[in-house]
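Thank you for making time for this. I would like to walk you through one structure, slowly, and I suggest that you keep the picture in view while I talk.

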Amino acid sequence: MSVKELAKKLPDPIKQFLKYAYGAIPLSIRYGKIFWETYNFLQESQWWSREQLEEYQMRQLSKLLRHAYKNVPYYRKVFNERGLKPRDIHDLDDLRKLPCLDRDTFKLRFNEMVARNVKLRYLHMSHTSGTTGKPLQFYQDHSKIEREWAFVCHQWSRVGYKPEDPRVEMRGPIIRGLNPVDYDPIAKVLRLSPCTDNKKVAHYYLEKMKSFGAKFLHGYPSAIASFAHMVKKYNLVVPFKLKAVLSASEAVYDWEREIVEEVFNCRVFDFYGLAEHVALAAECEHSHFYHFVPQYGVTEIDPNTNEIIATGFLNYVNPFIRYRTTDVASSPVLSKCSTGRNY
């Protein structure tokens, strides 16, 4: 029996005590070596030249392709059917010699998609939200989760977020029970249940956020905009100053951005990602353009459909190579950003 399985069997009071005891350890220590190495690398490499970034991408891509050819049956077949070897991919343009992967193929050939050099019992099974009507399940390891969080924190750092900063969340499932607020002592997150039009609840949320010392509000833009609408409708006073609202998991509409920025008097900062962890982008601190992060993977835009096609560098258990995301973006802007990033 694993430690996690054993912990689930403990009485609730003991579990709560252990959560707070573990939560007392500073996040700077708990996040560990993999997180901090990734985070510090991103903070530095965001200012690299285009040539440096492309060289890094090519090294990571070559490493991923060699692994996929050696250990993942599906990709070995893909290479062999085209008379290719990983060494034949000399640059990022050569990647187009490989076919795109879609969700239907991934699901149909799932057993061939798993790397043979890993032990499944040590892995975490993840899945997409299913909003497209085609939910997908796939494996990931713990180190990938740590690296992913480092990428997210790195992007949020553009608006002043630090990895150890406490934050308020309004996302995910509705919190059941009498109290629509839940504090997670491990993540140091105050979670608010998305709510309907209710003046008392909106006022209660504002007071809880004040006592918590809220600096960042993170969540679904639709839920946060609904909350902001209630604050404005009932003329409630916001008794704290947020540094930014961090929206994610949904497209953010102009009207949502406008009401949230008006009510909370701060920037709405949006980022784009997928459960499959193949592409990651966040807004620039100087505009609402999105920077795709080249250290995360190779991102292509289909010239005919503008669909995002992505190859992620983090997942070696279930590699996604030239994966059709079904998401659509505008044509990429390749000029250098005013911040100095060559993304």
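Let me begin with a contact between two helices, where P221, S222, I224, A225, F227, A228, H229, V231 and K232 in α11 meet W255, E256, I259, V260, E262, V263 and F264 in α12. If we sort the residues of this contact by class, we find 11 nonpolar, two polar and three charged. I should say at once that what you are looking at is a predicted model, and please keep that in mind throughout.

As for the geometry of this pair, helix α11 covers residues 221-233 and helix α12 covers residues 254-264, and their axes come within 9 Å of each other while crossing at roughly 50°. The two helices are therefore oblique to each other, and the crossing by which α11 passes α12 is left-handed.

Now, what do these helices lie against? The sheet to look for is an open one of eight strands, in the order β4-β5-β3-β6-β7-β8-β9-β10, and its pairing is mixed. At its edges stand β4, residues 181-184, and β10, residues 290-292, each of which pairs on one side only. Going from strand to neighbouring strand, the average turn is 20°, with direction ignored.

Let us stay with the strand β6 for a moment, since several contacts can be described from there. On one side β3 is joined to β6 by three bridges, and these two strands run parallel; within that pairing, the bridge partner of E169 is H218 in β6. The strand β6 also pairs with β7, again in the parallel sense, this time over four bridges, and here G219 has S247 in β7 as its bridge partner.

Is β6 covered or open on its faces? Both faces are covered, with F216 and H218 buried on one side and L217 and G219 buried on the other. So H218, which we met as the partner of E169, is also among the buried residues of this strand.

Returning to the helices, α11 lies across β3 (167-170), β6 (216-219) and β7 (244-247), and runs at about 125° to β6. The helix α12 packs on the sheet as well, touching β6, β7, β8 and β9, and its direction makes about 135° with that of β8. You can therefore trace β6 and β7 in the description of α11 and again in the description of α12, with the helices oblique to each other.

At the other end of the sheet order, strand β9, residues 280-283, pairs with β10 in the antiparallel sense over three bridges, and A282 has H291 in β10 as its bridge partner.

Just beyond helix α12, I would point you to N265, which sits in the loop between α12 and β8 (267-273). Its phi is near 55°, a positive value in a residue other than glycine, and N265 is exposed, with a relative accessible area of 54%.

There is a second sheet to look at, an open one of three strands in the order β11-β12-β13, with antiparallel pairing. The strands β11 (297-301) and β13 (323-328) stand at its edges with a single partner strand each, so one side of each is left without a neighbour in the sheet. Neighbouring strands here are turned by 30° against each other on average, direction ignored.

Within this sheet, β11 and strand β12, residues 307-312, pair over five antiparallel bridges, and I301 has I308 in β12 as its bridge partner. In the loop between β11 and β12 you will find N306, which has a positive phi of about 65° although it is not a glycine. N306 is partly exposed, with a relative accessible area of 21%.

Finally, let me turn to another helix pair, α5 (residues 50-71) and α6 (residues 73-81), whose axes come within 6 Å and cross at roughly 100°. These two helices are therefore roughly perpendicular to each other. In their contact, L65, A68, Y69, K70 and N71 in α5 meet P73, Y75, R76, F79 and N80 in α6, and by class this gives six nonpolar, two polar and two charged residues.

Definitions and conventions
Residues are numbered from 1 along each chain as its sequence is written. This is a predicted model: local features need pLDDT of at least 70, side-chain atom pairs count only at pLDDT 80 or more; totals for chains, interfaces and linings use all residues. Side-chain values use heavy atoms; hydrogens and water are left out. Axes are lines fitted to C-alpha atoms, for helices over the stretch in contact, and angles run from 0 to 180 degrees between N-to-C directions. Angles under 35 degrees count as roughly parallel, over 145 as roughly antiparallel, 65 to 115 as roughly perpendicular and the rest as oblique. A crossing is left-handed if the near helix is turned anticlockwise from the far one by less than a right angle, and right-handed if clockwise. Contact means heavy atoms within 4.5 Å. Ala, Val, Leu, Ile, Met, Phe, Trp, Tyr, Cys and Pro count as nonpolar, Asp, Glu, Lys and Arg as charged, and the others, Gly among them, as polar. Two strands pair if DSSP finds at least two bridges between them. Buried means under 20% relative accessible area, exposed over 50%, partly exposed in between (1.4 Å probe, protein chains only).
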